[in-house]
Amino acid sequence: HLRRHWEVMQRQPQLLDAFRQVLQDPEHGAQIDTLMAYQLERMGLVRLAGNSTVVSSELYYKYYKTRLL
């Protein structure tokens, strides 16, 4: 599951960059492009919190931070 999401993001550099921005501040998230936020939300990796996009779970944060940060 996590590897499949990783492969999808590697094929889409804009999506990877957007998720990297979200991971940089796990508590407050980031304001990213609307389309990127929508795609990441559909994948289940993030949730929308007002104008910010935040990582949806601690598991995703821990797994992907080692790859992206």
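Is Tyr38 buried, exposed or partly exposed? Select Tyr38, which sits in helix H3, and bear in mind throughout that the model on screen is a predicted one. The computed relative accessibility of Tyr38 is 45%, and because buried is under 20% and exposed is over 50%, Tyr38 counts as partly exposed. While Tyr38 is selected, add Leu48, which lies 10 residues away along the chain, and draw the distance between the two C-alpha atoms, which should come out at 8.8 Å.

**Helix H3 against helix H2**

Now show helix H3, residues 34-43, together with helix H2, residues 13-24. These two helices pack at an angle of about 80°, and their axes are 10 Å apart, so H2 is roughly perpendicular to H3. To see which side chains make the contact, select Gln14, Leu15, Ala18 and Phe19 on the H2 side, and Met36, Gln39, Leu40 and Met43 on the H3 side.

**Phe19 and its surroundings**

Keep Phe19 and clear the rest. When neighbours within four places in sequence are set aside, the residues in contact with Phe19 are Met9, Leu40, Leu45, Val46, Tyr64 and Leu68. Of these, Tyr64 deserves a view of its own: a search of the whole structure finds four aromatic pairs, and one of them is formed by Phe19 and Tyr64 in an edge-to-face arrangement, with 5.4 Å from centre to centre and 80° between the planes. Phe19 belongs to helix H2 and Tyr64 to helix H4, 45 residues apart, and the pair thereby links distant parts of the chain. Both members of the pair, Phe19 and Tyr64, are buried.

Widen the selection to Trp6, Phe19, Tyr60, Tyr63 and Tyr64, which together form one aromatic cluster. Next to be added is Arg67, which lies over the face of Tyr63 at 3.8 Å from the ring centre.

**Helix H4 from the inside**

Select residues 58-68, which make up helix H4, and colour its buried residues, namely Tyr60, Tyr61, Tyr63, Tyr64 and Leu68. The elements that these buried residues pack against are helix H1 (2-11), helix H2 (13-24) and strand S2 (52-55), and it is useful to display all of these as ribbons around the coloured side chains.

**The nonpolar core**

With the helices still shown, turn to the largest nonpolar core, which has 23 residues, and begin with those that have the most contacts inside it: Met9, Phe19, Ile32, Leu40, Leu45 and Tyr64. At least two residues of this core come from each of H1, H2, H3 and H4, while the largest share, six residues, is supplied by H2.

**Helix H1: His5 and Gln10**

Where in the structure is His5 found? Select it in helix H1. His5 has a relative accessibility of 7%, and therefore counts as buried. Beyond its neighbours within four places in sequence, His5 is in contact with Met43, Leu45 and Tyr64, and you can show these three residues together with His5 to inspect that environment.

Then move along helix H1 to Gln10, whose relative accessible area of 46% makes it partly exposed. A distance drawn from the C-alpha atom of Gln10 to that of Val22, 12 residues apart along the chain, should read 16 Å.

**The chain ends**

For the last stop, select His1, which is placed in the segment before H1. With a relative accessible area of 52%, His1 is exposed. Adding Leu69 gives two residues that are 68 residues apart in sequence and, from C-alpha to C-alpha, 20 Å apart in space.

Definitions and conventions
Residues are numbered from 1 along each chain as its sequence is written. This is a predicted model: local features need pLDDT of at least 70, side-chain atom pairs count only at pLDDT 80 or more; totals for chains, interfaces and linings use all residues. Side-chain values use heavy atoms; hydrogens and water are left out. Buried means under 20% relative accessible area, exposed over 50%, partly exposed in between (1.4 Å probe, protein chains only). Helices (H or I, at least four residues) and strands (E, at least two) are DSSP runs, numbered from the N terminus. Contact means heavy atoms within 4.5 Å. A nonpolar core is a set of buried Ala, Val, Leu, Ile, Met, Phe, Trp, Tyr and Cys residues joined through side-chain atoms within 4.5 Å. Rings of Phe, Tyr and Trp (its six-membered ring) pair if their centres lie within 6.5 Å; planes under 30 degrees apart count as stacked, over 60 as edge-to-face and the rest as tilted. A charge sits over a ring if NZ of Lys or CZ of Arg is within 6 Å of the ring centre and within 35 degrees of the ring normal. Axes are lines fitted to C-alpha atoms, for helices over the stretch in contact, and angles run from 0 to 180 degrees between N-to-C directions. Angles under 35 degrees count as roughly parallel, over 145 as roughly antiparallel, 65 to 115 as roughly perpendicular and the rest as oblique.
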